[in-house]
Structure formats: structure tokens, C-alpha cells
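Let's take a walk through this model together, starting at its metal site and moving outward from there.

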Amino acid sequence: MNTATKEKPAKAIVKTRKRAAKAPSDALRDLFEAELKDIYWAEKTSTHFIPKLIKQASAKELLQALDNHLNETEEQVSRLEQVFELIGMKALATKSQAIDGLIRETDLRLKESEAGMIKDAEIIACVQKSEHFQLGTYTTLISFAKMLGEDEAVLLLEATRSEEHGTMRKMADLTEQTIQLF
Ligand SMILES: [Fe+2]
Ligand SMILES: [Fe+2]
């Protein structure tokens, strides 16, 4: 007899009731704050991880792009701190499981390849995945901020989103520039 399966539906109902008790605008604000903490962790962690990628990259154009990316990311961290301030919250980071997993996976793959074209391709792949994650998060945050009437935060978040978009395009170009098989 599996008691665990019996208990699950009851727990789920309790949780749903708890959530429903909160005003939708408060629940949305909670979600907005949770997403902010998540992306704050991702950006801060990136400022430590990008230098590791720079150490392992070979192509000059990629090194230059990663260097720009690092400067932008540092600026994005400070923009997020401004957003926290605007909404009257202390800047807090919550570990992003998605970015943590991506970093672990990239670390493993980079250990397996020698410096050169394929290692560069792996670095680009990692940055592309991270940028897509960030683009999705910022797009969501912008929508939430608009709904919550946080207009100044919207402007800051939009500035970062457009940089993430630029990095994605740059990385897509670099894939074809740095990988030459024939
Ligand atoms: Fe970023
Ligand atoms: Fe970025």
C-alpha cells in the first residue's frame, strides 16, 4: 500500500488554497521578486564564469566578444541592483538551478576538449544557452514589471534585454566564423 500517493492530492489542494488566498497582484509581485533574485544570481555568477571561459578561448574574435560580454554583464548586475532599489528591496541572489546546471555541464565538456576550434564552439554554445535563458527571463520580468506599474524598472530591464539580444546575434555570427571544417 503506497501511502505517499494517497497523501499527494490532499497536499496539492492545500497548496492551491494557500495560493488562492493571496491577492493576484501580491502573488505576481512575489513571482517578480523570485525571478529577479534568480537572474541576479545568474548575472553575478556569470561575472565569475566568463573569465574562466576567456582563459580557455582561442579565437581572437571570440576573446574580444567575451571581454565585451563580461563588461556588459557587470553593468547588468548593477542595473539589477538599481531595480531592487527601485522596488524597495534588498538585492538578494537565489541560486538559479538552470544556470548552475549549464555551468557544470560546460565545465565537464571543456575538460574533455583541447584548446582550439571545438573548445571555442563549446564556449559559444554555453554562452548562447545562457543568453537564451536570460532573454526569456528578462522578457518575463519586463511584462511583470509593466503589470505591476514599475515603469522605471521596465526601462532598466529593457536596456539589458537588448544587450542580451546583441550577444546572441554576435555568438551566432562567431559560430560560423570560428568553425571552419573544410
Ligand atoms: Fe546578462
Ligand atoms: Fe548576457
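Before we look at the metals, one definition: donors are N, O and S atoms within 2.8 Å of the metal, and water is not among the atoms, so sites may look incomplete. Keep in mind too that this is a predicted model.

Now to the irons. Glutamate 164 bridges two of them, the iron ion (ligand 1) and the iron ion (ligand 2), which lie 3.1 Å apart. What coordinates the iron ion (ligand 1)? Its donors are Glu43, through OE listed twice, Gln76 (OE1), Gln134 (OE1) and Glu164 (OE), at 2.0 to 2.3 Å. Along the chain, these donor residues follow the spacing E-x32-Q-x57-Q-x29-E. Distant parts of the chain are linked here, with glutamate 43 in helix H2 and glutamine 134 in helix H5, 91 residues apart. Glutamate 43 is buried, at a relative accessible area of 0%, and glutamine 134 counts as buried too, at 1%.

Next comes the nonpolar packing. The largest nonpolar core has 42 residues, and those touching the most other members are Phe32, Leu36, Leu62, Leu66, Leu157 and Met171. Two or more residues each come from H2, H3, H4, H5 and H6, and H2 gives the most, with 10. Phenylalanine 32 has contacts that include Leu141, Phe144 and Leu157.

Finally, have a look at H4, which covers residues 97-112. Its buried residues are Ile99, Asp100, Leu102, Ile103, Thr106 and Leu110. They fall within an arc of 160° seen down the axis, so they line one face of the helix. Helices H2 and H5 are among what covers them. The face turned away carries the exposed Gln97, Arg104, Leu108, Lys111 and Glu112.

Key. Residues numbered from 1 in each chain as written. Chains lettered and ligands numbered in written order. Predicted model: local features only at pLDDT ≥ 70, side-chain atom pairs only at ≥ 80, totals over all residues. Heavy atoms only, no water. Helix = DSSP H or I, 4+ residues; strand = E, 2+ residues; numbered from the N terminus. Expected span 1.5 Å × (residues − 1). Buried < 20%, exposed > 50% of the residue type's maximum accessible area, 1.4 Å probe, protein only. Arc of directions from axis to C-beta. Contact = heavy atoms within 4.5 Å. Core = buried A, V, L, I, M, F, W, Y, C linked by side-chain atoms within 4.5 Å. Donors = N, O, S within 2.8 Å, 3.2 Å for Na, K, Ca; no water. Lists of a residue's contacts leave out its neighbours within four places in sequence.
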